[in-house]
Amino acid sequence: MRQIALTATPAFHALRTHYAEAKDWQMRELFAADPARFSRFSIEAAGLLFDYSKNKITDATMRLLVALARERGVEQRRNAMFAGEKINATEHRAVLHTALRAPATGTLVVDGQNVSQEVHAVLQRMRAFSDRVRSGQWLGSTDKPITDIVNIGIGGSDLGPEMACRALRPYVHPRLRMHFVSNADGHDLDAVLHRVNADTVLFVVASKTFTTRETMMNAQSARSWFLRGKKEADLPKHFVAISTNTAAVREFGIDTDNMFPFWDWVGGRYSIWSAIGLPVALATGFDRFSEFLAGAYAMDRHFLDAPLEKNMPVIMALIGVWNRNFFGSTSRSIAPYHQDMNRLATYLQQLEMESNGKRVAIDGTPLDVATCPIIWGNVGTNGQHAYFQLLHQGSDITPVDFIASLEPDHDFPGHHAVLLANCFAQAEAFMKGKTADEVRTEMRAQNTPQAEIEALLPHRTFPGNRPSNMIVMDALTPATLGALIALYEHKVFVQGVLWGINSFDQWGVEFGKVLAKSIESELIGVPDPQAHDSSTNALIARARDALRGS
Ligand SMILES: O=P(O)(O)OC[C@H]1O[C@H](O)[C@H](O)[C@@H](O)[C@@H]1O
């Protein structure tokens, strides 16, 4: 079915007209004119405060943006997703990661499956298994408790569990060390295997398809390493699998009793809530994992129940579209002011860019608007000393998502006030900038000679008027982390609906994989110069020489 292009909607036209005026607004003036701006443009839900007042918006902007969301059918699409309709049209699949965090009381039937019953049956198995490992009842082949858990997976089967295990570091069991191996590069596995002992290690092989080359290779190599000093019969105590593909797990040699299933209606980048979250349950305990799910569920309820005008994911999505499609921002920087969130930006890269990095609409027609911006970032304070220069004074305007947690989980005096001060100051500085007059006054107070003041003026002024969002939580807990991730998931969903794309496929990833397969066979077998350009041929020839020599 053909759908109307975003740019053809009346709401988009109205926004274009509005933008002609908005493009010259100065946020400083907007703040000065309205003392209630913060309360007007902030929302609280599911333990998060979302302050979007430092964007170039007014009430009129928000009315037009919300009208756009209505015109694009955000509410209907949202309801269709939650109801299990096959909204992933190119793969004929439902999109039901929200069912993974819903309470056991509901019934949701998809293709004759009672989804909620199956979800909770697997959760119970995860609870039993993680309890046994954590309590030391699950013993390795020499009757010792597990000390090291090695998750082998990539993409959605790696980024979520690693991000969450790091973010929830204070909750991790003191006996357990968590490791994550994803790269086909053998150095990744090598580094981890040097740090673990075959008697006390548990490998979690995580792959939705159980065919992903990197993961299968790492799992095979881990298995061979293990069998150097152990017997096949020892494997079940040290290898478990998470997958949707039972046959492939069995073929790999993992007992399907030690397999935790999930389903094709869970996209890889949305799978942290499924059995893919097992490392999180192992590390922090099943009760904490349940709180993580409950935090996400609280955000789901908010997304379902709150009117669009006060709906955090909807507003966040609309602000993103306003910056992307009207102000032309090409990237968004993620700046968590929390060291334990140091994998968040990487996680969000997959969530956002694999979901919305598309250039055709769901009906296959080319889009005439830009879609997902480039997502990047790092923990805020470290970013300040690396790339914030560009954010303040560079030629591109990059909106920033600041994320702060008010209560620390350590007792070093002074640190947290410094951290929060930096976070809030950066957001203020992006908004306010520093005018030439302010620089002059400041430099005169430092007795700088007039000629030097004038020479340095262009370098020391800040244009400001640069947008940012601020997300604040009381503390980084399993629940607030769950709510935060669900917030971003729903934001991505709403943006997909606004742009009219399918956020749930990833055909773009396949092409390189197929080419790699044919080059791999040429590197170790017979080269086929007809198949490539001169650059690729030369690179293959060079690598063949090196591989022969090694
Ligand atoms: O879990 P797996 O089937 O091994 O897939 C791992 C990853 O592989 C692909 O590259 C997809 O683009 C990702 O969405 C997925 O998360």
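A residue is called buried here if 20 or more other C-beta atoms lie within 10 Å of its own, exposed if 12 or fewer, and partly exposed in between. By this criterion K513 is exposed, because 11 other C-beta atoms lie within 10 Å. The structure to which this residue belongs is a predicted model, and the paragraphs below lead through its annotated positions, its two sheets, its ligand shell and some individual residues.

K513 is a suitable place to begin. The residue is part of helix α21, which covers residues 508-524. The UniProt record, an unreviewed entry, assigns the feature "active site" to K513 together with E354 and H385. These positions are spread over 160 residues of sequence and are spread in space as well, with up to 36.6 Å between C-alpha atoms. E354 belongs to helix α14, residues 344-356. Is E354 buried or exposed? It counts as buried, because 22 C-beta neighbours lie inside 10 Å. When neighbours within four places in sequence are left aside, E354 is in contact with R269 and Q506.

The first sheet to be considered is open and consists of five strands, in the order β6-β5-β7-β8-β9, with parallel pairing. Its edges are formed by β6 (177-181) and β9 (259-261); each has a single partner strand, so one side of each has no neighbour in the sheet. From one strand to the next, the twist averages 20 degrees. As a general principle, the strands of a sheet pair through backbone hydrogen bonds, in either a parallel or an antiparallel manner.

Two pairings illustrate how this sheet is put together. Strands β5 and β6 are joined in the parallel sense by five bridges, and I152 stands opposite V181 in β6. Strand β7, residues 201-206, pairs with strand β8, residues 239-243, again in the parallel sense and over four bridges. Here V204 has V240 in β8 as its bridge partner.

Strand β5 merits a further look. Four of its five residues are buried, so the strand is largely enclosed by the rest of the structure. N151 lies in this strand, which spans residues 148-152. With 27 C-beta neighbours inside 10 Å, N151 counts as buried. Which residues does N151 touch, not counting those up to four places away in sequence? They are D158, P161, F180, V204, A206 and P279. V204, one of these contacts, is also the residue whose bridge partner in β8 is V240. By contrast, the C-alpha atoms of N151 and M443 are separated by 55 Å, the two residues being 292 apart along the chain.

The model also includes a ligand. How many residues surround the ligand? There are 14, and the closest are G155, G156, S207, T212 and G268. The shell divides into nine polar, three charged and two nonpolar residues.

The second sheet is likewise open, but it has six strands and mixed pairing, in the order β1-β2-β13-β12-β10-β11. Its edge strands, β1 (42-45) and β11 (374-377), each pair on one side only. Neighbouring strands in this sheet are turned against each other by 20 degrees on average, direction ignored. Within the sheet, strand β12, residues 400-407, and strand β13, residues 468-475, run parallel and are joined by seven bridges. One residue pair in this arrangement is F402 with its bridge partner M470 in β13. A helix also lies against part of the sheet: α20, residues 478-499, lies across β2 (48-51) and β13 and runs at about 40 degrees to β2.

The loop between β1 and β2 contains A46, whose backbone deserves attention. Most residues other than glycine have a negative phi. A46, however, has a phi near 50 degrees, a positive value in a residue other than glycine. It counts as buried, because 23 C-beta neighbours lie inside 10 Å. H92 also has a positive phi, near 50 degrees, and is likewise not a glycine. This residue is found in the loop between α5 (74-82) and β3 (109-110). H92 counts as exposed, because it has 8 C-beta neighbours inside 10 Å.

Definitions and conventions
Residues numbered from 1 in each chain as written. Predicted model: local features only at pLDDT ≥ 70, side-chain atom pairs only at ≥ 80, totals over all residues. Near = placed C-beta within 6 Å. Nonpolar A, V, L, I, M, F, W, Y, C, P; charged D, E, K, R; others polar. Pairing = 2+ DSSP bridges. Axes fitted to C-alpha atoms, helices over the stretch in contact; angles between N-to-C directions. Contact = placed C-beta atoms within 7 Å. UniProt positions renumbered as here; feature names shortened; annotations may be inferred.
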